[in-house]
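Visitor: Hi! I have a new model open and would like a friendly tour.
Guide: Happy to help, let's open it up together.

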Amino acid sequence: MSQYKVRKLNKPINCTVEVPGSKSITNRALLMAALSDGECRLNGVLFSDDSRFFLTSLISLGYIIQANEVENYIIIEGHGRDIPKKTGTINVGSAGTAARFLTAMLSLSDGEYVIDASEQMKRRPMLPLFEALESMGAEFAFIEKNGHLPVKVIGAASNGRTPKNEVSIDISESTQFLSALMMTAPMLKSGLKINITSKKTDGSYIRITSNMMRHFGCEVRHEGAVYEIPAGSSYIPETYQIEPDVSAACYFYAAAALTGGYALVKNVRFSSMQGDMKFLEVLKKLGCVVTEEQDGISVKGPEGGKYDGIDVDMNDFSDQTMTLAAIAPFANTPTCIRNIEHIRLQESDRIEAIAEELNNLCIDIKKGKDRIEILPGEVKPGVVKTHADHRMAMAFALIGLKVDGIIIDDYECCRKTFEDYFEVLEKATRE
């Protein structure tokens with residue numbers, strides 16, 4: 001596996017960077033564009049492993065797509081409720097969004113398909129979504145393990161059938177299950193009523209889905225545990241601008257906190273709809289100054305990179321758990337991150353991965369089923385295993401800015417969402 005030795009900084013970071021478009025918004029936009037009634041242009045698109053698997057899957061299904069990776073745009077010819085090819089095989093790789101969204105799309109169609117995936121994605125939870133779609137009329141034949149990809153799908157609209165327009169689902173393992181049902185609801189002429197059976201009924205990524213659907217002309221009604229997309233809904237062809245990825249921006253903001261430096265990420269705005277904007281509030285509590293400037297949002301770290309730990313519920317912006325965990329050993333007091341049980345079911349068991357890698361660097365932790373507490377300590381040099389998890393690779397690289405001898409193993413797994421992250425980090429630390 002490839003390794004990357006992080007260059008220790010001997011002074012506060014001082015950088016201005018650009019990050020790719022949001023993966024979450026890119027893949028939602030791709031789905032809505034495909035289901036729209038005409039040509040859509042998407043600007044600011046993220047090109048990474050995840051989005052490329054989504055794109056190649058759509059191409060395999062017969063969609064005509066023009067992609068420009070230099071200017072970061074895509075033009076896609078939407079086909080409304082009708083998927084161009086009625087049979088075929090797609091491979092979603094390790095992309096959770098592609099896996100959940102395209103499974104719902106194919107399950108509500110009138111075709112028959114096979115959905116394949118990487119070994120990592122085959123382990124991730126899908127059963128609640130399969131059960132919900134089956135209740136609407138889809139049929140599944142699991143090829144390896146029940147409730148997991150790969151699977152053969154017979155769409156609920158096959159052979160002239162009409163999919164049911166009401167469904168119940170538990171979203172405690174992943175809110176992507178709900179987003180998948182919401183976004184594919186316009187495929188049903190009769191609309192769709194979704195009843196949430198879990199304690200969790202909302203979340204930042206669900207709100208992104210709702211906002212984007214409304215932008216594409218589709219109304220979403222939400223009250224309590226019920227989401228409803230009215231009969232006759234459809235997506236209007238759009239030119240849509242994808243926001244920069246706030247999840248990616250937060251690594252550089254955290255670097256400012258860690259070193260007592262300054263980081264500006266271009267084109268990030270307080271108006272962003274991404275849930276990871278809440279991490280900026282965490283940084284403020286660590287003593288950072290957060291400012292929206294002409295070119296984007298900047299973070300100025302506390303003097304000398306000195307800050308106390310924090311006790312925080314990160315359920316709604318849990319992608320930043322690894323980021324906070326990486327800078328927590330350098331705090332003056334312990335850091336406790338709560339209500340994050342669902343991250344055990346993502347690219348890795350992220351609570352166990354954090355605990356293992358911090359322990360290997362001689363940092364003491366306490367962990368529970370849904371939380372982790374990180375104690376301050378002296379980080380020792382060592383090799384950080386990424387567990388094939390892009391966020392472990394990117395977040396734990398921050399430790400190397402303070403400690404010489406930190407090596408990130410299999411660092412190229414960051415290609416999943418930010419393929420040139422280490423090049424951007426290298427440049428940022430030389431400015």
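Guide: What follows is a chat about a few features of this predicted model.

Visitor: Let's start with the sheet order E4-E5-E3-E14: how many strands, and open or closed?
Guide: That one is an open sheet of four strands, and the pairing in it is mixed.

Visitor: Which strands stand at the edges?
Guide: Strand E4 (65-68) and strand E14 (239-241) do, and each has a single partner strand, so one side of each is left without a neighbour in the sheet. On average, neighbouring strands of this sheet are turned by 10° against each other, ignoring direction.

Visitor: How many bridges join E3 to E14?
Guide: Three, and these two strands run parallel. E3 covers residues 39-43. To find one bridge on screen, look for Leu42, whose partner in E14 is Tyr240.

Visitor: New topic: charges. How many salt bridges does the structure hold?
Guide: There are 33. As background, side chains of opposite charge can pair when their charged atoms come close.

Visitor: Which residue does Asp49 meet in a salt bridge?
Guide: Arg415, with 3.6 Å from N to O. The pair links distant parts of the chain, 366 residues apart: Asp49 is in helix H2 (residues 49-60), while Arg415 is in the loop between E23 and H13.

Visitor: Is Asp49 buried, exposed or partly exposed, and what about Arg415?
Guide: Asp49 counts as partly exposed at 27% relative accessibility. Arg415 also counts as partly exposed, at 36%.

Visitor: And where do Glu119 and Lys122 lie?
Guide: Both are in helix H4 (residues 119-122), three residues apart, which is about one turn of the helix. They form a salt bridge whose closest N and O atoms are 2.9 Å apart.

Visitor: Buried or exposed, for Glu119 and then Lys122?
Guide: Glu119 counts as exposed because its relative accessibility is 51%, and the cut-off for exposed is over 50%. Lys122 is buried, with a relative accessible area of 12%.

Visitor: What does Asp319 pair with?
Guide: The side chain of Asp319 meets that of Arg350 in a salt bridge, at 3.4 Å from N to O. This pair, too, links distant parts of the chain, 31 residues apart. Asp319 is in the loop between strand E18 (311-313) and helix H10 (321-327), and Arg350 is in helix H11.

Visitor: Buried or exposed, those two?
Guide: Asp319 counts as buried at 10% relative accessibility, and Arg350 is buried with a relative accessible area of 1%. Asp319 and Arg350 also belong to a network of salt bridges, which includes Lys23, Asp50 and Arg124 among its members.

Visitor: Switching to the backbone: is the peptide bond from Leu149 to Pro150 cis or trans?
Guide: It is cis, with omega near 0°. You will find Pro150 in the loop between strand E8 (139-142) and strand E9 (151-154).

Visitor: What about phi at Asn339?
Guide: Asn339 has a positive phi of about 60°, although it is not a glycine. Asn339 sits in the loop between strand E19 (335-338) and helix H11 (350-360), and is partly exposed, with a relative accessible area of 33%.

Visitor: And what is phi for Asp410?
Guide: Near 55°, so a positive value in a residue other than glycine. Asp410 is in the loop between strand E23 (406-409) and helix H13 (421-428). Asp410 is buried, with a relative accessible area of 18%.

Visitor: Thanks, that was a nice tour!

How values were computed. Residues numbered from 1 in each chain as written. Predicted model: local features only at pLDDT ≥ 70, side-chain atom pairs only at ≥ 80, totals over all residues. Heavy atoms only, no water. Buried < 20%, exposed > 50% of the residue type's maximum accessible area, 1.4 Å probe, protein only. Pairing = 2+ DSSP bridges. Axes fitted to C-alpha atoms, helices over the stretch in contact; angles between N-to-C directions. Salt bridge = Lys/Arg side-chain N within 4 Å of Asp/Glu carboxyl O.
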